[in-house]
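Biologist: Could you take a close look at the largest pocket for me, and set it in the context of the chain around it? Please state the cut-offs behind each term as you go.

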Amino acid sequence: MPSPVRVAPKHADEVPDVPGRLPLLGHLLKMNRDLNGLLRDARERYGPLFYLDPGMGNRLLIVDGDEGFALYRNKETSSEFLGRTFGNFLGHSVITTDGDEHKRMRGAMS
């Protein structure tokens, strides 16, 4: 079993792909059957940073655990991509906004 990634890779091709994806379907069946188990197993094997294939040959970068939340907590990370990509699903919400508007929404939730 390979050891988990403990340092940040310098290039995207250094991030491990979770094996076992099917042609066209990728990891979709495994994700549908037991997403939490798939994520847990991948984190144990590869560390907090790895790719899943949600189907059709797409690659979904997973940044898990404290390392993932650290991305959202720093001031340099933008939520613009989430709003553009998942706006129909997430709407105009805390996770898709930044700056003063994000702070206002979080304050309202508190």
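Modeller: What follows describes the largest pocket, then its neighbour, and then the chain as a whole. This is a predicted model, in which local features need pLDDT of at least 70 and side-chain atom pairs count only at pLDDT 80 or more, while totals for chains, interfaces and linings use all residues. Residues are numbered from 1 along each chain as its sequence is written, and side-chain values use heavy atoms, with hydrogens and water left out.

A pocket here is an open set of points on a 1 Å grid over the protein atoms alone, where a 1.4 Å probe fits and protein lies on both sides within 12 Å along at least five of seven lines; its lining residues have an atom within 4 Å of a point. A volume is the space filled by probe spheres set on the points, which are joined across faces, edges and corners. On these terms the largest pocket has a volume of about 970 Å³, and 23 residues line it, with Leu60, Leu61, Val63, Tyr72 and Leu82 lying nearest its centre. Strand E2 (60-63), helix H2 (65-73) and helix H3 (80-90) each supply at least two residues of this lining, and H3 gives the most, with six; helices (H or I, at least four residues) and strands (E, at least two) are DSSP runs, numbered from the N terminus. By class, the lining of the largest pocket holds 15 nonpolar, six polar and two charged residues, where Ala, Val, Leu, Ile, Met, Phe, Trp, Tyr, Cys and Pro count as nonpolar, Asp, Glu, Lys and Arg as charged, and the others, Gly among them, as polar.

The second largest pocket, with about 470 Å³ of space, is lined by 15 residues, and those nearest its centre are Tyr72, Arg73, Asn74, His102 and Arg106. H2 and helix H4 (99-109) each supply at least two residues of the lining of the second largest pocket, to which H4 gives the most, with four. That lining divides into four nonpolar, six polar and five charged residues.

As for the surroundings, the protein chain has four helices and two strands, running α-β-β-α-α-α from the N terminus on. The mean pLDDT (the predictor's confidence in each residue, from 0 to 100) of the protein chain is 84, and 89% of its residues reach 70 or more. Over residues 1-7 the pLDDT is below 50, and beyond near neighbours in sequence this stretch has twelve contacts in the model, a contact meaning heavy atoms within 4.5 Å.
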